[in-house]
Amino acid sequence: MPINWTSDLDTGIPVIDQQHRRIVDFINDLEAAQVLGNQEKIKQVIYDCIDYTLSHFAFEESMQEEAGYPYCKPHKKVHELFTRKVAEYQQRMELGDDVAEELHGMLARWLVNHIKRDDADYVASVRASMTPVAAAPVEEKKAGGWLSRLFGR
């Protein structure tokens with residue numbers, strides 16, 4: 001069953017929300033590839049999801065450090081544990097195991113829980129340290145949005 005993005009998953013940090021939505025897209029793409037039984041597509045989605053998620057973790061951790069978030073190290077540890085678990089799935093897949101369904105379930109549960117619990121804890125610190133432009137919702141950054149308001153047009 002695909003993950004549908006709901007407002008309770010929004011952190012209120014537009015760039016992080018966009019990245020989380022992209023991870024949801026990967027998880028949904030994995031499910032679609034499973035339904036088709038396309039093993040090459042499954043492998044590609046898994047590799048792409050892992051790569052994207054690792055860069056997301058690095059970005060998120062750098063925002064936390066910059067904001068002086070006091071629990072940055074424990075949050076990074078949660079990311080490291082998740083990365084190890086996904087690496088185990090990847091190794092099993094490379095050995096020929098069909099891990100797609102198992103991995104899909106784990107990713108879907110983990111992401112939602114991580115956003116609602118772990119990520120929710122750092123939001124206030126990061127938002128407080130962001131510039132108004134960086135904190136503005138994506139819609140406001142488009143032409144005619146925050147720029148127009150900034151210059152009174």
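Author: Let's begin with a term: helices and strands here are DSSP runs, with at least four residues for a helix and at least two for a strand, numbered from the N terminus. Read from that end, the elements of this chain run α-α-α-α-α-α-α. Please keep in mind that this is a predicted model.

Reader: Thanks! How many helices and how many strands does the chain have?

Author: The chain has seven helices and zero strands.

Reader: Since the model is predicted, what is the mean pLDDT of the chain?

Author: pLDDT is the predictor's confidence in each residue, from 0 to 100. For this chain the mean is 84, and 85% of the residues reach 70 or more. Over residues 140-153, though, the pLDDT is below 50, and that stretch has ten contacts in the model beyond near neighbours in sequence.

Reader: Which elements have the lowest and the highest mean pLDDT?

Author: The lowest mean, 43, belongs to helix α7 (residues 146-150), and the highest, 92, to helix α1 (residues 14-36).

Reader: Let's turn to the chain as a whole. What share of its residues is buried?

Author: A residue is called buried when its relative accessible area is under 20%. Of the 153 residues in the chain, 39% are buried. On the outside, the chain exposes about 9100 Å², and carbon and sulfur atoms supply 54% of that area.

Reader: And what do the contacts say about parts that are far apart in sequence?

Author: Take the contacts between residues at least 6 apart in sequence: 69% of them join residues at least 24 apart. Ile3 gives a case to look at. Ile3 and Val112 are 109 residues apart in sequence, yet their C-alpha atoms are 9.2 Å apart in space.

Reader: Where is Ile3, and is this residue buried or exposed?

Author: Ile3 is found in the segment before α1. Its relative accessibility is 13%, so Ile3 counts as buried. Apart from neighbours within four places in sequence, Ile3 is in contact with Val24, Ile27, Asn28 and Ala108.

Reader: What about Glu101: buried or exposed?

Author: Glu101, whose place is in helix α4, counts as exposed because its relative accessibility is 63%. Its C-alpha atom is separated by 9.9 Å from that of Val35, a residue 66 positions away along the chain.

Reader: Now to a single helix. Why should α3 span 33 Å?

Author: The expected span is 1.5 Å times one less than the number of residues. Helix α3 covers residues 72-94, which is 23 residues, so it should span 33 Å; its end C-alpha atoms are 33 Å apart, in agreement.

Reader: Which residues of α3 are buried, and what covers them?

Author: The buried residues of α3 are Cys72, His75, His79, Phe82, Val86, Tyr89, Gln90 and Met93. Their cover includes α2 (39-67) and α4 (100-129). Just after α3, look for Gly96, which takes a positive phi of about 105°.

Reader: How many salt bridges does a search of the whole structure find?

Author: To count, a side-chain nitrogen of Lys or Arg must be within 4 Å of a carboxyl oxygen of Asp or Glu. The search finds six. One of them joins Asp10 and Arg21, with the closest N and O atoms 3.2 Å apart. Asp10 lies in the segment before α1 and Arg21 in helix α1, so this pair ties together parts that are eleven residues apart in sequence.

Reader: Where do Arg22 and Asp25 lie?

Author: Both lie in helix α1, three residues apart, about one turn of the helix. Their side chains meet in a salt bridge of 3.9 Å, N to O. Arg22 is partly exposed, with a relative accessible area of 30%, and Asp25 counts as partly exposed at 37%.

Reader: Which residues are linked in a network of salt bridges?

Author: Those are Arg92, Asp97 and Glu102. Within this group, the side chains of Glu102 and Arg92 meet at 3.1 Å, N to O. Glu102 is in helix α4 and Arg92 in helix α3, so the pair ties together parts that are ten residues apart in sequence.

Reader: What is the nearest side chain of opposite charge to Glu31?

Author: Arg109, at 12 Å; Glu31 is buried and has no salt bridge. Glu31 is found in helix α1. Leaving aside neighbours within four places in sequence, Glu31 is in contact with Met1, Pro2 and His104.

Terms used:
Residues are numbered from 1 along each chain as its sequence is written. This is a predicted model: local features need pLDDT of at least 70, side-chain atom pairs count only at pLDDT 80 or more; totals for chains, interfaces and linings use all residues. Side-chain values use heavy atoms; hydrogens and water are left out. Buried means under 20% relative accessible area, exposed over 50%, partly exposed in between (1.4 Å probe, protein chains only). Contact means heavy atoms within 4.5 Å. Lys and Arg count as positive and Asp and Glu as negative; His and the chain ends are not counted. Accessible areas come from the Shrake-Rupley method with a 1.4 Å probe; for residues, only the protein chains shown count as cover.
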